[in-house]
Amino acid sequence: MTGAIMYISGGRWDGIPGTDRLLAEALAEASPVLWVDQPAPIFRFPDVRSAARASLAGSTEKVAPVIERLRLPAPPLFSSRLGHSLTGWIGQKCMQAALLRSPRAIQAVVNSSPIVSFPTGTRTPKVLHITDDWLAAAELIGFTPALLRAALERNLREADVVTAVSEGLAAKISGFAGRPVQVLPNGCQRPDGDRGQTDPNPVAVLVGQLNERLDLDILESVANAGIPLMIVGPRSESSPVVGHRLDALIKHDNVDWRGAVPREEVRKLLLTASVGLTPYSDTDFNRSSFPLKTLEYLSAGLPVVTTDLPSSHAVKCSSLAIAGNPAQFVALVKERLGTRPSPEEVEEMRHLALENSWSSRAGALRKLLSASTEDKLPAYDREGHHE
């Protein structure tokens with residue numbers, strides 16, 4: 001595929017790097033990318049406020065050699081019905097202006113936002129990439145279920161191809177939309193170095209945001225068992241009850257909370273530990289998810305203990321252990337503390353990471369876009385004559 005890809009994200013470029021940014025960066029290995037931020041209220045984000053006039057004119061900012069970023073300003077109360085409508089109008093104006101200003105033709109649009117619509121009037125192939133169960137995410141996202149449902153229905157009508165990060169989520173959206181949904185799981189960084197040459201510290205590590213998605217019963221059990229626990233990631237909880245429990249957790253003598261850490265430093269920290277933790281609670285939202293951290297642990301050569309989620313069973317690796325309750329989780333973590341993976345385990349994890357790298361995910365997405373491009377062409381364009 002030639003030309004650029006517009007990637008409408010579910011987050012902001014300078015937020016915590018997640019599915020959208022990692023996939024967009026991998027797509028940029030072969031195609032320029034026009035990245036579109038999730039709408040952000042101008043009263044909360046000074047950079048959005050100062051760039052609002054430029055955004056409305058379609059002006060972008062270079063954030064990587066072949067990636068341009070477009071901010072989408074939003075008014076106060078943008079999660080209300082009236083505010084959402086105004087935000088949508090502003091977003092369309094910004095994107096249309098950016099399309100006109102782009103020095104490269106936009107050959108495809110990938111939309112992974114739960115609230116932003118595809119730009120109107122574009123005839124390029126459109127992929128709706130569903131990264132989470134948006135129908136069950138109203139409290140986490142801050143929009144009403146009715147608004148999220150309407151946005152999803154609108155984008156499903158516009159999309160040529162629909163993808164989702166897990167089998168369960170794909171099945172749910174397929175049933176909701178009455179159309180096929182393909183699975184495009186999350187990926188991981190390519191493996192680097194040889195973890196097998198060093199002895200790990202007897203430390204368990206948890207990477208990611210601390211919020212309501214985590215099973216705090218499990219984390220408290222790990223800490224109370226005296227297991228050294230390093231936590232790498234910011235707090236983002238909204239519940240006071242969860243906040244109090246996190247306060248107590250990070251005060252444990254054997255818990256080392258690092259807070260937000262630059263992405264390039266996280267990998268180094270993983271190499272100092274013995275086991276990675278994916279302790280997600282059993283909720284509708286989590287059952288549809290595909291946690292980034294699990295594959296990233298394995299890519300770093302780090303064995304994993306995870307709770308029993310459907311996505312856990314989708315990762316076939318002997319270094320991944322699934323626990324059904326807090327006691328079993330603690331027991332499995334203890335088994336791995338201070339143990340160096342065998343050469344066979346290291347090679348298995350390396351091979352798994354290569355097969356599931358973000359580059360491989362970007363390649364799969366480009367194939368879907370190419371197939372969609374062919375399907376949108378008239379028969380005489382594909383074959384050279386009318387059928």
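These legends accompany close-up views of a predicted model.

**View A. The largest nonpolar core and its best-connected residues.** Let's start on the inside. This core brings together 84 residues, and Leu128, Ile130 and Val205 have the most contacts within it. Among the secondary-structure elements, helix H8 (residues 216-224) gives the most to the core, contributing five residues. Well away from the chain neighbours of isoleucine 130, that is, leaving aside those within four places in sequence, its contacts are Leu152, Val162, Thr163, Ala164, Val165, Leu169 and Ile173. Another core, of 23 residues, lies apart from this one; Leu22, Trp35, Ala64 and Ala108 are among its members.

**View B. The second largest pocket and its lining.** Here is a spot to explore: the volume of this pocket is about 230 Å³. It is lined by 17 residues, of which Leu34, Thr60, Glu68, Ser102 and Pro103 are the closest to its centre. Strand E2 (33-36), strand E5 (67-70) and helix H4 (81-101) each provide at least two lining residues. In chemical character, the lining comprises nine nonpolar, four polar and four charged residues.

**View C. Lysine 62 and glutamate 68 in a salt bridge.** Glutamate 68 appears again, having been listed with the residues closest to the centre of the second largest pocket. Its partner in this view is lysine 62, with 3.3 Å between the closest N and O atoms. Are the two residues buried or exposed? Lysine 62 counts as exposed because its relative accessibility, 53%, is over the 50% cut-off. Glutamate 68 has a relative accessible area of 23%, so it is partly exposed.

**View D. A salt bridge between glutamate 29 and arginine 190.** The N to O distance for this side-chain pair is 3.5 Å. The two partners sit 161 residues apart and link distant parts of the chain: glutamate 29 belongs to the loop between helix H1 (19-27) and E2, and arginine 190 to the loop between strand E10 (182-183) and strand E11 (204-207). Arginine 190 is partly exposed, at 44% relative accessible area.

**View E. Aspartate 247 paired with arginine 235.** In this salt bridge the closest N and O atoms are 2.6 Å apart. Aspartate 247 is in helix H9 (residues 240-250), while arginine 235 is in the loop between strand E12 (229-232) and H9, twelve residues apart. Both are partly exposed: aspartate 247 has a relative accessibility of 29%, and arginine 235 has a relative accessible area of 25%.

**View F. A salt-bridge network.** Shared partners join Arg12, Asp14, Asp37, Asp47, Glu61, Arg69 and Arg71 into one network. The structure as a whole holds 24 salt bridges.

Note on methods. Residues are numbered from 1 along each chain as its sequence is written. This is a predicted model: local features need pLDDT of at least 70, side-chain atom pairs count only at pLDDT 80 or more; totals for chains, interfaces and linings use all residues. Side-chain values use heavy atoms; hydrogens and water are left out. A nonpolar core is a set of buried Ala, Val, Leu, Ile, Met, Phe, Trp, Tyr and Cys residues joined through side-chain atoms within 4.5 Å. Buried means under 20% relative accessible area, exposed over 50%, partly exposed in between (1.4 Å probe, protein chains only). Helices (H or I, at least four residues) and strands (E, at least two) are DSSP runs, numbered from the N terminus. Contact means heavy atoms within 4.5 Å. On a 1 Å grid over the protein atoms alone, a cavity is a set of points where a 1.4 Å probe fits but cannot get out, and a pocket is an open set with protein on both sides within 12 Å along at least five of seven lines; lining residues have an atom within 4 Å of a point. Grid points are joined across faces, edges and corners, and a volume is the space filled by probe spheres set on the points. Ala, Val, Leu, Ile, Met, Phe, Trp, Tyr, Cys and Pro count as nonpolar, Asp, Glu, Lys and Arg as charged, and the others, Gly among them, as polar. A salt bridge is a side-chain nitrogen of Lys or Arg within 4 Å of a carboxyl oxygen of Asp or Glu.
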